[in-house]
Amino acid sequence: MCIRDSINAEYMGFDKTRGLMEKKEFKTGKFPVPTKHEELKKSALGLISLQAEPLEKRIAALNEKGKECYAKALLYQAKLAEVIASKSWEEKEKEKDFSSYTMKGEDGLLCIKSIAIVPATPAEIMGYIRIEAYRNDYDENYLSGKEIEFFPANMRLALWTFKGKMFVSNRDFVLLQHFDFDSTNGSIKIAVGSMEDSRAPPTSDAVRGKIIIAGFHIKPVGPAQSEVIYVTNIDMAGSIPVMVQNMVAKNQGKKAQLISEGIQKRFPRKQEFTIPIFK
C-alpha cells in the first residue's frame, strides 16, 4: 500500500527490506521526492536540496537573528523529542493505522499526540505539509500564513492565523519552524514553537497565542510508507478558560490521520512518480 504502484528502491537510495535511506545517498543530496506533481516536488526540494551543503557552513553564515533562532530551534527539537517519548500519555483512540493520546502539559493545558501510518515517504509528507494550499485538508481552522524570514539552516519564522469559532476570536502565532533531517534512518523532525519578532507585532484582528511545543516526527517504516507522529501543546491566550482550551485541543487528535487521508486523496495509488538524482 503506497502512493506509487512501483518504486525503484535502489535508485531512491532505499534499503528494499527496511525502507530506510542510506547515509551515503543522503550526503550526496539524493532523497526520494515525487516529480509528477510539480508543486509537491518544488516544496520538498526547497529544503532537501540545501542538505548537499554542510550544515556547519550554513549555520556559520547566519545573521544575528538567525543565530538566535537556531539556538531556540535546538531547544524546541529537544522539547519535541521529550514530549513524544513521555510516559504520561493516555490513549484515547486506536484504529488499525491510527491512534491518539492526551496528557496534561504546562499550566494544565492539554497536550495532544496523533499517530498514523501514511502511504508516502517522509519527503513527500514534508512537501505536502509545507504547501499552504493543502493546509485546510487537515486543519479546517487555518486562515493564512506568512513567511517572515527563511534561514538556510533548515528553519523559518512565520506568522500563522487561525479562525475562531462561536465566542472565540481569531488567533495568530509568530512561530519558529525547524526541520531536522536524520541521515541515519531517513526520518524528518519538524519542531515548532513561538518566537517573538518585531516584524509581526500583535494586531486587533487576532489574539496572539503561544505555541509551547508542536511538530512532527516522520520516519520511514517501509518503501513509500511512513509513521507520522504529531504533537501540539498550545496556549490560546486571551480570556479563554483552560477547560475550553482543552476542549478545542482535542480536535487536533486526528491530525495525523487527516494528513494521511489528504495525501491519499490528492496523490492516489494509480499516480506514478519518477525519482530524480540531483547533486
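The buried residues of helix 3 pack against helix 6, strand 4 (142-151) and strand 6 (171-181). On helix 3 itself, which spans residues 38-48, these buried positions are Leu40, Ser43, Ala44, Leu45, Leu47 and Ile48. The model under discussion is predicted. Its chain has a mean pLDDT of 81, and 82% of the residues reach 70 or more. Two segments call for caution: pLDDT stays under 50 over residues 1-30, and again over residues 271-279. The model nevertheless has 77 contacts beyond four places in sequence for residues 1-30, and 33 such contacts for residues 271-279.

From helix 3 the reader may turn to the interior. In soluble globular proteins, nonpolar side chains tend to be buried together. Here the largest nonpolar core comprises 37 residues, and those with the most contacts inside it are Ile125, Met126, Tyr128, Ile190, Phe216, Ile259 and Ile263. Helix 6 (residues 122-130) contributes most to this core, supplying five residues. Apart from this core lies another, of 27 residues, among them Tyr101, Ile213, Ile229 and Val231.

Tyr128 illustrates how distant parts of the sequence meet. When residues up to four places away in sequence are not counted, Tyr128 touches Leu40, Tyr134, Asp137, Tyr138, Ile259, Gly262, Ile263, Arg266 and Phe267. Leu40 is one of the buried residues of helix 3, while Ile259 and Ile263 are among the residues with the most contacts inside the largest core.

The aromatic residues add a further set of links, with six aromatic pairs in the count. Phe162 and Phe173 form an edge-to-face pair, 5.8 Å centre to centre with 75° between the planes. Because Phe162 lies in strand 5 (residues 155-162) and Phe173 in strand 6, this pair ties together parts that are eleven residues apart in sequence. Both phenylalanines are buried. Phe216 and Tyr230 form a tilted pair, at 5.0 Å centre to centre and 45° between the planes. Phe216 belongs to strand 9 (residues 210-222) and Tyr230 to strand 10, so the pair joins parts 14 residues apart in sequence. Phe216 and Tyr230 are likewise buried.

Ring pairs also link Tyr142, Trp160, Phe162 and Phe173 into a cluster. Arg135 lies over the face of Trp160, at 4.2 Å from the ring centre. Elsewhere, Arg130 lies over the face of Phe179, at 5.8 Å from the ring centre.

Strand 10 (residues 225-235) also holds Thr232. This threonine is buried, with a relative accessible area of 5%. Beyond its neighbours within four places in sequence, Thr232 is in contact with Leu110, Cys111, Ile112, Ile213, Ala214 and Gln252.

Methods
Residues numbered from 1 in each chain as written. Predicted model: local features only at pLDDT ≥ 70, side-chain atom pairs only at ≥ 80, totals over all residues. Heavy atoms only, no water. Core = buried A, V, L, I, M, F, W, Y, C linked by side-chain atoms within 4.5 Å. Buried < 20%, exposed > 50% of the residue type's maximum accessible area, 1.4 Å probe, protein only. Helix = DSSP H or I, 4+ residues; strand = E, 2+ residues; numbered from the N terminus. Contact = heavy atoms within 4.5 Å. pLDDT = per-residue confidence, 0-100. Phe/Tyr/Trp six-rings, centres within 6.5 Å; stacked < 30°, edge-to-face > 60°. Lys NZ or Arg CZ within 6 Å of the ring centre and 35° of its normal.
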